[in-house]
Every structure is written in structure tokens, then in C-alpha cells.
Amino acid sequence: MLSQRRNFIFLFFGIVGLLFIGKLFYLQVIDDTYEKAADNNAIRKIIQIPFRGEVYDRYGKLIVYNTPVYDLYMIPRKAVVKDTNHFCRVFGVTKEYFIKTTQRARAYSRVKPSLFLKHLSKEDFASVQDAMVDFPGFFFETNAFRTYQSRSFSNALGYVAEISPNALVDQRDDYYRQGDYVGISGIESFYEETLRGQRGVKYRMVNSNGVEKGDYKNGSLNINPVSGNNLYTSIDLAIQEYADSLMQHKVGSLVAIEPSTGEILAMVSAPSYDASQLTGNNFSKYYQELALDPMKPLLNRPPSAYYRPGSTFKLVQALVGQQLGFIGPGTVFSHAGAPVKCHGHGPVDLRGAIRVSCNPYFYHAFRKMIYDNTTGDTYERSAKGLQRWSDLVANFGFGRKLGVDLGNEKKGILPNVEYYNSVYKGEKMWKFSNIYSISIGEGEIVVSPLKMANLAAIIANRGWYIPPHVVKGVGLQKSIDPFYKTPVKVGVESKYFNVVIDGMEDAVTHGTVEADGRIPDIKMVGKTGTSQNQKGKDHSIFIAFAPRDNPKIAIAVFVENAGFGGSAAAPIASLVVEKYLKRKVDRKAVETKFMNMNYLPNVYSVVRKKAAPDSTKK
Amino acid sequence: MTDSNHIQGRIDWITVGFYVLFVGLGWLNIYSAVYSPDAPLAFSDAAFYNSNAGKQLVWIGTSFVLIVCILVIDFRFFESFALFIYLGLLLLLIAVPFLGVTINGSHSWFKFGSVTIQPAEFAKTATALLLAKYLNDPLVNLTKFPFQWKAALIIGIPMVLIIGSNETGSALVFASFMILLYREGLPGAYPALFIGGIVLFVSALLVKAWVIFLVLLLMAGLLVLFMPIYMQRDPKTYLRLSGGIAGIMTLALLVDWVVNNVLKEHQRNRIRVLIDPGFDPRGLGYQVTQSKIAIGSGGFWGKGFLGGTQTKFDFVPEQSTDMVFCTIGEEHGFVGVMLMILFFLGFLWRLMYLADLQRSRFARAYGFGLVGILFFHFLVNIGMTIGLMPIMGIPLPFFSYGGSSLWSFTILLFIFLKLDSHRSDMLSR
């Protein structure tokens with residue numbers, strides 16, 4: 001009888017077991033309050049975005065820095081606003097905005113924070129701070145946006161904007177989250193990983209009411225944010241601003257390089273835009289306007305706009321021709337037999353050819369280089385000659401990237417054998433008579449203004465260059481990639497440069513450069529160019545360096561639709577050179593003339609009005 | 001043929017299987033509870049052996065040594081020396097207030113080097129042994145008061161000593177000997193009264209006194225309705241019923257007085273937390289609230305091994321020791337805890353089945369003592385993590401972290417398995 005008691009005992013055990021299972025079923029499966037509590041309960045991971053690195057000019061002047069702003073977030077579940085009118089008054093929002101934003105936040109998540117109001121200034125933040133106790137469920141997070149000391153240099157700096165959905169998907173290291181800011185172009189983009197710093201993470205213990213209970217594990221897992229590294233650029237802000245002022249009312253580029261270091265002193269892309277408008281709440285409106293502008297102000301022209309180099313390319317021909325042994329200082333060509341024409345002057349030697357920019361001279365010189373004084377199949381000889389020629393010219397950086405530290409550099413085109421084979425659809429389908437235009441920098445050859453400034457630097461250095469760069473130091477150590485310290489030789493012996501530089505000097509003093517482009521007390525040497533433009537007036541080009549001995553600045557100026565190179569580009573270049581070397585400009589009349597000179601094509605103002613019909617109504 | 005081969009052949013491998021399963025799962029849960037996803041420890045790290053999971057591995061290893069020792073000792077030892085073991089433990093319990101150290105607010109531990117031992121954990125085994133030995137006397141009849149009284153004395157002395165060292169939880173475990181005594185002939189009225197008392201105690205806390213009074217009147221009315229007519233006509237019946245109701249009501253009213261005046265502050269709070277789940281959720285009710293959140297957040301399938309956030313982020317205090325069930329609940333969900341409960345009940349069933357096979361009353365009584373102790377821990381430990389029992393420092397047998405706990409349960413269980421392996425050698429009385 002007693003042994004039956006085992007069954008009673010087990011019955012009791014079973015009832016307890018069932019009771020437990022029942023309660024557990026209720027806790028785990030039916031009732032979801034605990035699951036919700038756990039979401040809130042756990043550790044809250046707070047991302048701390050560090051300040052982005054600042055940007056300085058070559059003398060330590062601040063160009064770009066950060067202004068702290070405050071973003072207001074709300075957690076719908078906890079946000080209880082008793083007096084909506086009062087709330088709207090405090091934060092300066094309309095009731096409609098309040099209702100709309102609250103609804104959107106609720107739809108996103110009742111327990112996770114949503115952005116309620118963006119970019120409150122320090123002053124606004126201070127005025128609402130005391131009132132925050134009345135609004136549970138609302139809290140501030142600090143943020144920052146880029147602030148620009150100067151309206152200048154915008155294109156090379158680039159800008160910072162919310163990461164695009166595509167970039168978010170494409171990112172390699174899974175660093176960015178939606179809504180994160182990222183450098184879009186220029187050095188902001190090229191130095192993104194340096195500038196952004198290291199994001200901090202804070203793990204905070206949060207109880208079921210969302211009240212922070214302190215650091216999780218005493219903060220041992222926290223990672224403090226590390227501010228981004230500052231960038232010390234080689235830009236001379238005073239020269240940059242001056243160059244900008246000269247390039248207003250024009251479309252084009254100006255690049256100035258210190259030849260001995262490859263440091264870019266100024267880089268103008270005209271027309272430009274006001275970078276400070278591309279921060280904060282104005283971004284989308286202003287961006288739309290810029291993106292639709294037919295003059296493409298968002299394009300950073302110096303490294304990415306394409307032009308034919310025109311007569312400036314004759315300098316390369318003179319150097320390569322000597323190195324290959326086909327011409328020398330005493331080589332003379334007449335105009336006879338050349339399909340390209342010239343202005344009234346007799347047969348010239350190499351120095352004279354550069355001074356007057358003689359087209360037939362370089363036609364003949366190039367012909368010699370291509371055909372190599374040999375006889376036989378002209379097609380075969382053309383291919384052979386061009387190969388030898390383009391191999392040497394490529395050393396100057398044509399047809400490839402120079403490696404400037406800006407995100408959007410373009411390669412340009414250096415036509416070589418492969419190129420013509422593909423254009424003429426096969427080998428031995430072309431010969432010198434098809435390609436002679438490139439002898440004077442026309443035809444298929446395409447360059448960027450940066451490449452031409454680099455050419456000026458190569459000549460100033462008599463045969464080498466350091467890859468041009470905007471940033472000369474990163475962070476506290478002001479370290480720099482050795483790439484931007486290592487000279488690159490172009491494979492032309494320095495003795496061949498003398499005659500070319502002599503010719504360039506003559507071009508400035510009594511050659512193609514007009515009086516406005518001459519600086520009385522500085523020995524500047526240069527070469528003009530006129531880039532043929534089928535769509536309108538030719539583009540005016542000038543490259544130069546100064547002083548002739550011990551060069552401090554090499555410069556390239558491109559002014560679109562300004563015609564002959566000596567008339568617009570050379571005076572502008574001379575003003576910048578004068579300003580840089582003397583820190584002042586004595587030729588006030590020339591300065592005023594070119595600041596006010598308007599080379600904008602007529603079509604520009606017309607299209608602009610169409611693009612912004614609102615402004616015409618007012 | 002050696003003695004050990006002899007044992008191997010007869011040891012109950014099903015029970016051993018349950019034991020290995022529970023200890024193994026328990027270790028995985030402890031590992032999960034201390035596991036930090038940011039700094040996982042390898043077995044080769046020295047730091048691993050400073051973590052609970054590493055130390056538990058050492059406890060498990062030493063338990064194995066204990067098992068071998070128990071299986072090697074002659075089976076008659078446990079019966080013959082039951083009294084000495086019991087008296088020895090009583091001595092330790094008396095000595096602990098003078099020689100012991102304080103751990104987690106309870107002054108009940110002995111310290112040998114880095115090893116701490118809580119004698120209260122082992123007192124259960126000693127008491128079970130002596131109680132079984134006492135009942136082995138065929139003259140002992142638990143329906144008779146003198147024998148009941150003596151049995152109560154065997155249970156009561158260590159209990160009082162343990163209460164003295166502030167381990168009320170461990171002391172309450174001795175109530176589980178009611179199961180042993182019930183199986184060995186104690187009239188069913190005792191456990192019925194015991195359970196009735198608990199029901200009354202809880203209802204007195206949960207509902208107003210007049211509700212209890214109404215329920216009692218209703219029950220009395222039903223009783224009268226179904227009793228024989230001659231009793232219905234007897235006025236004494238009504239007198240007795242009124243007396244009964246009055247007595248129970250007095251007890252019910254006493255409960256409030258006891259709670260407010262006899263119980264200590266922390267005990268009172270634990271009871272308040274139990275009857276009012278919303279009471280002070282971030283203070284006194286924190287442990288229960290967090291425990292329920294952890295288990296509740298596990299859902300049906302759980303968050304997966306090492307996937308718990310509540311237990312991992314230390315939201316649940318004591319999650320390796322007394323609250324280890326939370327980790328199971330969070331990481332393995334309803335399916336995991338249901339299986340665990342069913343396994344545990346199966347284990348208890350197996351032990352009771354084995355106990356009833358015993359020829360000697362000593363072995364059988366000890367077996368039911370073991371079952372009672374295990375069940376009590378199961379009841380209170382799981383009950384408290386899901387808010388059905390007040391919080392007490394009661395570990396979950398074989399699962400919880402802790403050397404004293406694992407050792408004492410291992411000894412408790414394997415003494416029984418040793419006795420069981422010799423059941424054919426025992427004399428049936």
C-alpha cells in the first residue's frame with residue numbers, strides 16, 4: 001500500500017512541473033512584454049562621431065573647420081508632450097511639423113530614437129536646454145558641420161554630405177551607416193579615412209525605463225572617439241583668393257605649383273561655388289541648383305577638364321625632338337611643304353620657333369621624329385616612329401594620371417600606336433599625314449590644366465617633377481606619402497632645356513605674349529597656346545614659370561573662349577606670379593582689367609535664366 | 001574478479017547518464033553566462049581557470065574523484081557510520097559561526113586555502129543517512145507519535161543550526177524530508193496540513209481576511225451538505241466546524257503579524273516581491289524582474305547558445321549560480337526549458353523507481369530522501385526565477401556553478417547509486 005505513495009508523490013511533482021511549464025509558456029510565448037523590455041533593457045550602444053580633421057593652408061591659416069551643432073532626437077514611446085503649443089514655441093516648429101515628424105518617428109520605431117530636428121546652433125541649443133526637463137523622451141546629440149573660412153578653393157576641397165544609398169551598399173569595410181557624412185569630392189574624398197577619425201562607441205547600461213545606469217562593465221568596452229587628422233595643405237590662401245578673383249566672370253582653370261616640391265600653391269576652377277552653402281539644411285536645395293548649372297560649377301576642372309594643349313605642347317616637341325636627336329638649337333625649318341600655316345616671319349631656329357610659336361617648324365620636326373630619316377613603308381615607319389615618340393612623351397605625365405591627391409583626376413589622352421590602330425580600325429591603316437595635328441598640340445591629344453602646370457614645373461626643374469599634390473602634411477607628424485617626395489625623371493637630359501627656356505623667355509619679352517602679360521621686374525618665361533574649339537571661340541592657354549633662374553612658381557592658366565593665349569591667360573598668370581613672388585601687385589591697371597574681364601559665353605546667362613524661372617519673376 | 005568490476009556491472013547507468021547530461025549542460029550554461037563575445041577565452045588561457053566556467057571544470061573533475069571514492073568504499077559504511085557522519089556535520093555547523101568566513105553575506109563557509117566549503121550543503125546528506133538508518137529499524141512506525149517526534153528531532157537539529165548561521169534557504173530544504181517520511185508511512189494528513197498551511201500563508205498575503213473567511217464558510221457549507229445525515233443533525237458538528245474556522249482565521253491573521261514582526265526585513269521584502277511583481281522593480285524586485293525579462297525574451301526557440309543579451313550583459317545577478325536557469329530560458333527558449341523540466345522529472349521518476357526496488361528500508365528511505373531534496377531545489381530554484389517562489393539562495397542541482405553545491409549533490413546521488421548497486425546483497429526486512 002505504501003508503495004503506491006510513490007505515484008502520489010510523482011503526481012505532485014508532475015503538477016509542479018506542469019505549473020512551471022505553463023508559467024514559462026506564458027512568459028516566453030504568450031506575453032511579449034518581457035521581450036520588449038529586453039530590447040530596452042540591454043546595453044545601449046551609442047556611437048560618437050568625432051570631429052573631422054581641419055584643413056590648413058601652407059602658412060597655417062585655417063581653411064576648413066567644424067562648427068558644433070545639435071540634433072534633437074525623440075523616442076516616441078517615452079515622448080509625452082503635454083502642451084504641444086508650448087513645445088512648438090520653444091523649438092520654433094509648426095504644429096504640422098510636430099505632428100508629421102512624430103507620426104513618422106512612430107512609424108519607424110516606438111522605442112528607437114528618431115531624428116526630430118536637425119542642426120540646432122549652439123545659441124539655439126542653449127536657449128532650449130533648460131526647457132528640456134519638460135519634454136521627456138527628447139534628447140540632443142552633438143553633431144558638427146564643415147565651416148569654410150573662405151569662399152575660395154571650394155572645388156579642390158570638395159564637400160561633405162550624407163552618404164548616398166549606393167555608396168552605402170558599395171563600401172568595403174562596412175564603416176558607414178545611413179545618415180553618416182562622408183567626403184564627396186576633392187581632398188575631402190581623397191583623404192576621407194584620414195579626416196574622419198575613429199568613431200567612438202559607448203556602451204551604456206540602460207534599464208527598462210530607458211534610464212542610463214552608467215557605463216557597462218565600468219566602461220572597459222568603450223572606445224573613445226579619435227578626432228580626424230588635420231590636413232596641412234600647400235595652398236597659399238592669399239594667392240588662391242587672388243587667383244579666384246582674377247578668374248571670376250570666366251570659365252577655366254588656374255594651377256600654380258612650386259616646382260622644387262610639386263606642392264600646389266593655388267588651384268582655381270571657375271566658375272566655382274560657395275562650399276558653406278553645401279552644409280546643413282541648405283544642402284539639397286543648393287546642390288540641385290549647382291548640379292543643373294550648365295557651367296558645371298561642381299566640376300573640379302584642373303585635374304578633370306579636357307582641353308587640347310595647343311601651342312604649349314610645342315615645348316614638349318622641342319624637348320623630345322632634341323632628346324631623340326632629330327633637332328638641335330641650330331636646326332632651321334622653312335614654312336615650305338607644311339599643311340599648317342604661320343604668321344609673317346621667315347625661317348627660324350628652335351629658339352625662334354618657340355618665341356613665335358611657329359607651326360610649320362614643329363610640323364617638320366615631328367615629321368622627322370616619326371619618319372626617322374629612313375625610307376620604306378610609310379605606314380610601318382609611322383607606327384615605329386610614333387611608338388618611340390609616345391614612349392618618351394608619356395614620361396611627362398600625358399595620357400596617364402599624375403597621382404594628384406584629389407579624388408577626380410582624369411588621365412587625358414596621349415595618342416599612341418594602339419590608339420590610332422583602334423581609331424583607324426587596324427594596323428598600318430594610318431601614317432604621319434593622318435596624325436600630324438598632334439605636332440602642334442591639336443588633333444587627338446587631350447590634357448588637363450594640371451598636366452600643363454606640371455609641364456611648366458618639369459621645364460623649370462630641367463627634367464624632373466614631383467607628383468603634384470595639395471596636402472603636404474597629415475596629422476600631428478605632418479607625415480606624407482613618400483610618393484609625394486620622390487622626384488620623377490622625364491628622360492630628357494637637362495642640357496636640352498636651355499634652348500627651350502631661352503625661347504620661352506623670348507616669347508614673353510618679345511614674342512607671343514602681349515604687354516599685359518609682362519612683369520617688369522620679374523623674369524618670367526612662358527609659352528602661350530590656343531586650344532581650338534569647334535563649339536565657339538578658342539580657349540586661351542598659358543604656361544610659365546618664374547623666376548627664370550631658381551624658379552619658385554610654375555603656372556598654367558586656361559581661360560575658355562578667351563581666344564589667343566597671349567591675350568587673356570598670360571596676363572592672368574603674370575598677375576598671380578607677381579603676387580606670389582612680391583606679395584603685392586604693382587600693375588593695378590592690368591589687375592583691374594582682368595578682374596572685370598568677362599569671358600562667359602552668351603549662352604550661359606540665357607540658360608541660367610531658364611534653369612531658374614523663379615528668380616526672373618521677382 | 002575485483003570489486004570494482006562487480007560494481008560496474010550493477011551501477012544504474014541511466015541515472016549516471018542523467019547526471020552526466022545535467023552536469024555537462026550546466027557547464028555549457030555557465031560558460032555561456034561568463035562568455036564575453038568581445039574577449040572569448042580559450043582553454044589554454046590562464047585567465048580561463050579564473051572564470052567561473054574554468055573553475056567549474058575543476059569542480060567537475062574533482063567530483064569524478066569523489067565518485068570513485070564513494071564507489072570504492074564498502075556499501076555498509078554509510079549505514080554503519082551514519083550517526084558519526086551526522087554528529088560530525090553537527091559539530092561543523094556549530095563550529096562555523098566561530099571558525100567560518102563570510103561569503104555573500106552569509107557566515108557559513110569554511111575556507112581551506114582558496115577552496116571554500118559550506119557545511120550546510122553536506123548536512124542534507126548526513127541527515128538523510130541518519131534518518132534512513134533510524135527508519136531501518138523495523139520497530140519504527142511513523143504512524144505513532146513518539147517515532148514521528150524522534151524523526152522530527154533528527155531533521156530539526158541541523159535545521160535550527162543552519163537557521164542560526166543565517167542560511168534560511170538551506171534550512172528550508174529540510175522540509176523536503178516530508179517526502180521521505182510520507183513514503184515511509186507518515187500519515188497523509190501531515191503533508192496535507194503542510195501544503196494547506198502554505199496555501200493559507202500565501203492566501204493570507206494575497207487576499208483580504210474576509211475573502212478567506214467567505215471561502216472557509218463556503219467549504220464548511222459544502223462539507224455539511226455532503227456529510228451523513230446523523231452528523232448533520234449533531235450540534236457538535238457545527239461547534240467543531242466553527243472552532244475549525246475560527247482557528248484557521250486566527251492563523252491567517254497571524255500570518256500578517258508574523259510577516260511584519262518575526263521575519264527579517266530582507267525576508268519580508270522577498271515575500272512582498274513575490275506577491276506583488278511590480279514592487280520596486282529596480283531595487284528589491286530587480287532580480288526577479290530581470291530574471292523574468294531574460295527568460296521571457298528567450299521566446300519559443302531561444303536566442304541560441306551564447307546568444308543571450310540579458311544574461312551576457314550581467315543584467316541578472318547570480319546568473320551562474322542560483323539564476324542559471326535564466327540562461328537556459330534566454331538562450332534555448334521555451335523548448336529548452338520544457339525539455340529540461342521533463343528531463344528532470346524523468347530523472348526523479350527513475351530515482352523513485354530505483355528506490356522502490358530496494359530490499360533494505362535504509363536504501364529505500366535514503367533514495368526518497370534524495371528525491372525529496374532534489375525536488376525541493378528544483379521547485380524553489382526554477383520557481384524563483386519565474387516569480388512563483390520567493391528568492392532564496394538555492395542552487396539548481398548539477399546545473400548551478402559552485403563547488404560545495406556540485407560536490408554535495410554528487411555525494412548525495414552516488415551514495416544512493418552505490419547502495420543500489422548492492423541491493424541484492426542487502427537483507428530484506
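Which residues of E17(A) are buried on one side, and which on the other? Keep that in mind as we click through this predicted model; we'll come back to it once the surroundings are on screen.

**Whole chain.** Start with chain A in cartoon view. You'll have 24 helices and 18 strands to look at. Of the 618 residues in chain A, 43% are buried. Among contacts with a separation of 6 or more, 72% are between residues 24 or more positions apart.

**The sheet.** Now select strands E12, E11, E18, E17 and E16 of chain A. That is the order of an open, five-stranded sheet with antiparallel pairing. Colour strand E12 (263-270) and strand E16 (525-531) of chain A to mark the edges: each of them pairs on one side only. Look along the sheet and follow the twist, which averages 5° from one strand to the next.

**The helices on it.** Next, add helix H19 (residues 449-461) of chain A. H19 packs on the sheet, where it touches strand E11 (252-258), E17 and strand E18 (553-559) of chain A. Its direction makes about 150° with that of E18(A). Then bring in helix H21 (residues 569-582) of chain A, which also packs on the sheet and touches E11, E12, E16, E17 and E18 of chain A. Here too, the direction of the helix makes about 150° with that of E18(A).

**Zoom to E17.** Hide the helices for a moment and select residues 539-546 of chain A, which is strand E17. On one flank, seven bridges join E17(A) to E16(A), and the two run antiparallel. To check the register, show A:Gly526, which stands opposite A:Ala544, and A:Gly529, whose bridge partner is A:Ile541. E17(A) is also joined to E18(A) by seven bridges, again antiparallel. For a landmark there, pick A:Phe545, with A:Ala554 of E18(A) opposite.

**The turn.** Follow the chain out of E17(A) into its hairpin with E18(A), where six residues lie between the strands. Stop at A:Asn550, which takes a positive phi near 60°.

**Back to the opening question.** Turn on side chains for E17(A) and bring the helices back. A:His539, A:Ile541, A:Ile543 and A:Phe545 are buried on one side. On the other side, the buried residues are A:Ser540, A:Phe542, A:Ala544 and A:Ala546. Both faces are covered, then. Because eight of the eight residues of E17(A) are buried, the strand is largely enclosed by the rest of the structure.

How values were computed
Residues are numbered from 1 along each chain as its sequence is written. Chains are lettered from A and ligands numbered from 1 in the order in which they are written. This is a predicted model: local features need pLDDT of at least 70, side-chain atom pairs count only at pLDDT 80 or more; totals for chains, interfaces and linings use all residues. Two strands pair if DSSP finds at least two bridges between them. Helices (H or I, at least four residues) and strands (E, at least two) are DSSP runs, numbered from the N terminus. Axes are lines fitted to C-alpha atoms, for helices over the stretch in contact, and angles run from 0 to 180 degrees between N-to-C directions. Two residues are in contact if their C-beta atoms, placed from the backbone, lie within 7 Å. A residue is buried if 20 or more other C-beta atoms lie within 10 Å of its own, exposed if 12 or fewer, and partly exposed in between; C-beta atoms are placed from the backbone.
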